[in-house]
Each structure stands twice: as structure tokens, then as C-alpha cells.
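These are my notes on the backbone and the aromatic side chains of this model. Please read them with the coordinates open.

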Amino acid sequence: MKNTSFEKPYQILIVEDDQGLNQGIALALQEEGTIFHTAFSLAQAREIWQKGDIDLILLDINLPDGSGYDLLREIRQSSETPVLMLTANDLEVDQVTGFSLGADDYITKPFSLIVLRARVDRFKKRVRGRIAPDDYQNDRYHFRFREMIFFADGKEVVLSKTDQKLLRMFTLHPGQILSRERLIDAVWPDSAGYVDENALSVAVNRLRHKLEGKEKKCPIQTVYGLGYVWGKKHV
């Protein structure tokens with residue numbers, strides 16, 4: 001059964017080319033409400049990072065197609081997502097390099113999975129128990145999802161259930177590209193496999209029109225070939 005709740009799962013990206021260790025880490029950290037994404041190269045990690053809504057990255061330094069430091073640099077250009085470095089190099093210069101590039105923590109192989117879990121739990125506590133906010137507000141919009149009251153440029157707008165589900169997804173993931181498949185699954189969870197993609201296009205365009213307000217602009221952007229994004233997309 002699909003989870004139709006809007007409580008966000010905690011998503012961890014494990015970037016480690018040793019498949020056994022990668023899977024072992026996921027098993028050791030397995031917990032209800034946690035989703036794991038596994039990458040065995042920089043290329044795979046970049047693809048997952050750009051499409052996903054990642055809360056924590058476990059990043060190996062030595063990868064078959066380059067250094068984890070390169071990915072860390074890219075991530076820090078647009079995001080403060082916590083990064084825990086995994087490395088076989090027990091040298092102070094490596095740790096200094098990682099921290100100077102924006103790493104949040106550092107653990108040296110071989111490491112105890114119990115110790116790793118303790119460190120990951122520390123990051124999870126920052127957001128554990130979080131529930132999707134009932135209110136969203138900026139200089140143009142005020143959305144009160146619990147009361148189902150929505151304002152655009154100070155004027156109340158009437159949103160259907162479909163509109164509200166779409167809007168909640170967008171405001172929960174600002175700047176993140178949401179694929180068409182992901183949006184369809186969120187809006188029509190019980191019949192996603194039977195929904196024509198054109199239905200999503202129609203629903204998004206209808207929501208855009210309702211949110212244009214007096215500025216005749218809406219933050220929902222189309223990212224061709226990928227999906228949609230609320231506001232400026234993370235690159």
C-alpha cells in the first residue's frame with residue numbers, strides 16, 4: 001500500500017563503490033521512515049542528487065570515476081545538505097580537505113556500523129518527527145493547508161483537492177525537480193498506473209493559472225524532459 005501521508009521520509013544517499021559495504025550500510029541503518037539511494041560512482045551519485053530530495057549523503061572519497069571531493073564541491077554550490085565522508089585515508093590533511101570543502105563529519109574505514117549509526121542518528125535528530133508544515137508563506141503567497149485557505153497576492157483563491165495535493169508537493173520540495181511520475185503518484189496514489197500524463201499537464205496548468213495573482217506569474221516551472229519545479233531549481 002502506498003503512503004499517502006505528506007510526512008516526509010528521511011532520505012539517505014550512500015555513495016560507495018564497494019557494493020557489499022554499500023548494501024551493508026543500508027541494512028545497518030534500516031529504519032521505518034528512511035529511504036536509501038545507492039550509488040557506486042560519481043555519475044550515479046550526481047544523477048540521484050539532481051533528481052532526489054536527499055537529507056543526508058554518505059560519501060566515499062575514492063570512487064572509480066573520480067574523487068568524492070568533486071561531488072562535495074558541487075553540492076556545496078547550492079545546498080547545505082549534511083555530508084558524512086567515508087574514507088580509507090586516515091590522514092589529517094584528508095580530514096582538513098573534507099572539512100574545508102564543507103563536509104559535516106568524517107569516518108575512517110574500517111569503521112564500526114554501530115558507530116556509523118550513532119553518527120547518522122545525530123543528523124536525523126535534527127529533523128526527526130518533522131511533519132509537513134500546515135502553513136506556507138512568502139511575499140506573495142500564504143497557504144493554510146489545514147484550513148484549506150489559500151491566498152495569492154492577498155486575494156483568496158479556491159483550490160480543488162487535486163490542486164491542493166500538487167501545491168503541497170511543490171511547497172514541500174522548493175527548488176527540487178519533481179518528476180512527472182512522482183507527482184502523478186502523489187496526486188493519484190490509487191490509480192497512478194492508469195492516469196494519462198496529459199491529466200498532470202492539465203492539472204499543473206490549472207494550478208498555475210490560479211496562482212498567477214496580480215503579477216501574472218507563478219513559481220511553477222517546467223523542466224523539459226524531467227518534470228516541474230517550484231521556484232529556482234537546484235543544479
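1. Lys216 counts as exposed because its relative accessibility is 62%; the classes are buried under 20% relative accessible area, exposed over 50% and partly exposed in between, with a 1.4 Å probe and protein chains only. Lys216 is not a glycine, yet its phi is positive, about 55 degrees. Its place is the loop between helix 8 (197–211) and strand 13 (220–223). Helices (H or I, at least four residues) and strands (E, at least two) are DSSP runs, numbered from the N terminus.

2. The model is predicted: local features need pLDDT of at least 70, side-chain atom pairs count only at pLDDT 80 or more, and totals for chains, interfaces and linings use all residues. Residues are numbered from 1 along each chain as its sequence is written, and side-chain values use heavy atoms, with hydrogens and water left out.

3. Most residues other than glycine have a negative phi, and most peptide bonds are trans. Between Lys109 and Pro110 the peptide bond is cis, with omega about -10 degrees. Pro110 belongs to the loop between strand 7 (105–108) and helix 5 (113–124).

4. Met148 is another non-glycine residue with a positive phi, about 60 degrees. Met148 is found in the loop between strand 9 (141–144) and strand 10 (149–152). Its relative accessible area is 41%, so Met148 is partly exposed.

5. How do strand 9 and strand 10 pair, and over how many bridges? The sense is antiparallel, over four bridges; strands count as paired if DSSP finds at least two bridges between them. His142 is opposite Phe151 of strand 10. The two strands, 9 and 10, make a hairpin with four residues between them, and Met148 is in that turn.

6. Strand 10 also pairs with strand 11 (residues 155–157), again in the antiparallel sense, over three bridges. Ala152 has Lys155 of strand 11 as its bridge partner. This hairpin has two residues between its strands, and Asp153 in the turn has a positive phi of about 55 degrees.

7. In a regular strand the side chains alternate between the two faces of the sheet. Strand 10 shows this alternation: Phe150 and Ala152 are buried and point to one face, whereas Ile149 and Phe151 point to the other and are not buried.

8. The structure holds 10 aromatic pairs. One of them is Tyr136 with Phe143: the ring centres are 5.6 Å apart and the planes are at 15 degrees, so this pair is stacked. Rings of Phe, Tyr and Trp (its six-membered ring) pair if their centres lie within 6.5 Å; planes under 30 degrees apart count as stacked, over 60 as edge-to-face and the rest as tilted. Tyr136 is buried because its relative accessible area is 18%, and Phe143 is buried at 0%.

9. Phe145 and Phe150 make an edge-to-face pair, with 5.6 Å from centre to centre and 75 degrees between the planes. Both Phe145 and Phe150 are buried. These two belong to one aromatic cluster with Tyr136, Tyr141, Phe143, Phe170 and Trp230.

10. Which residue lies over the face of Phe145? Arg168 does, at 4.0 Å from the ring centre. A charge sits over a ring if NZ of Lys or CZ of Arg is within 6 Å of the ring centre and within 35 degrees of the ring normal. Likewise, the charged end of Arg122 is over the ring of Phe123, 5.4 Å from its centre.
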